[in-house]
Structures are given as C-alpha cells and as structure tokens.
Amino acid sequence: NLKTAIDLYKHFAQKYPESSKAPEALFKLAQIYLNDLRLPKEAVGYFEQIVQKYPNTREAMNALFMLGFIYANEIHDYNKAREHYQKFLEQYPNSELAISAKFELENLGKEPEKILTK
C-alpha cells in the first residue's frame, strides 16, 4: 500500500532526522514518487532534502545523480540537469555513477535514436 508506505517513511524521517536510516527513508519516498506515482517534481524535493541534510551519505551521492537524471529525462530542464551532473562529478569523480553522469552530460537533450547512431 503506497499511501501507508509514504506515511510511514515521512513519519520516520520527521521523527528521527538524526537516525542513520533517515536518508534511506527519504530516498525510498523519492523513489515511490518517481517510479510508482510518476510525480518527478515531488521526488526532486525529497532528493534535494537528502543532498542538503545528509551530504556525507551514500544516499546523498545517489540523490544528486538522480536529480540530474530527473531534470534531464523527466522534467527536460537541461540547465538544471547539467548543473546537478557537474556538481555530482565534482563531488564524486570516482563513483561508479561517474561514467553515467558523463554520458548523460554528453547527450543532454538528444533524441535516443541520435545517441544510438553515435
């Protein structure tokens, strides 16, 4: 039940913001809004909270990448996508997602067919 999951994750993140599990709860909330409810702008809000409140966590790294991805592929705001991908590469140049971030930057706004023929 998505509503129950959303309520529980929100409650946990609000009640226990100092918990090491709080960024994970926010990340799961963002995923529900993005993947299940198809509400990317709401997902952005949760990913931004993670980056701001929990900058030294693995969830922050993944959230920063996801911000670039959502802005590029869901919202089509390529300036914001570029900003987030560049910030990601500055902060996490050795991450396993760095190759994907570089690829996304090189192909921002391009049609999938053009990327495949490249």
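## Surface patch, two helices and two loop residues

Leu2, Leu37 and Leu39 together make a nonpolar patch on the surface, with about 200 Å² of accessible area. The model is predicted. Of this patch, Leu37 sits in the loop between α2 and α3. Its relative accessible area is 32%. Leu37 therefore counts as partly exposed, the class between under 20% and over 50%.

The same loop, between α2 and α3, also holds Arg38. Arg38 is not a glycine, yet its phi is positive, at about 55 degrees. Most residues other than glycine have a negative phi. His76 is another residue with a positive phi, near 65 degrees, and is not a glycine either. His76 lies in the loop between α4 and α5. Its relative accessibility is 48%, so His76 is partly exposed.

Two helices can be set out side by side.

| Helix | Residues | First to last C-alpha | Expected at 1.5 Å a residue |
|---|---|---|---|
| α3 | 14 residues | 20 Å | 20 Å |
| α5 | 14 residues | 20 Å | 20 Å |

Helix α3 covers residues 40–53, and its reach is close to the expected value. The reach of α5 is likewise close to the expected value.

Which residues of α3 are buried? They are Pro40, Ala43, Val44, Tyr46, Phe47, Ile50 and Val51. These buried residues of α3 have four helices as packing partners: α1 (2–15), α2 (22–36), α4 (58–75) and α5 (78–91).

In α5, the buried residues are Ala81, His84, Tyr85, Phe88 and Leu89. Viewed down the axis of α5, they fall within an arc of 135 degrees, so they line one face of the helix. The general rule is simple. An α-helix has 3.6 residues a turn, so residues three or four places apart point the same way.

What does the face of α5 turned away from its buried side carry? Asn79 and Glu90 are there, and these residues are exposed. On the buried side, the residues of α5 pack against α4 and α6 (98–106).

Helix α4 thus appears in both packing lists. The buried residues of α3 pack against α4, and those of α5 do too. The loop between α4 and α5 is where His76 is found.

Note on methods:
Residues are numbered from 1 along each chain as its sequence is written. This is a predicted model: local features need pLDDT of at least 70, side-chain atom pairs count only at pLDDT 80 or more; totals for chains, interfaces and linings use all residues. Side-chain values use heavy atoms; hydrogens and water are left out. The expected span of a helix is 1.5 Å times one less than its number of residues. Buried means under 20% relative accessible area, exposed over 50%, partly exposed in between (1.4 Å probe, protein chains only). Contact means heavy atoms within 4.5 Å. Patches are made of residues with over 30% relative accessible area and no salt bridge: like charges are joined within 9 Å, nonpolar side chains (Val, Leu, Ile, Met, Phe, Trp, Tyr) within 5 Å. Accessible areas come from the Shrake-Rupley method with a 1.4 Å probe; for residues, only the protein chains shown count as cover. A salt bridge is a side-chain nitrogen of Lys or Arg within 4 Å of a carboxyl oxygen of Asp or Glu. The arc is that of the directions from the helix axis to the C-beta atoms.
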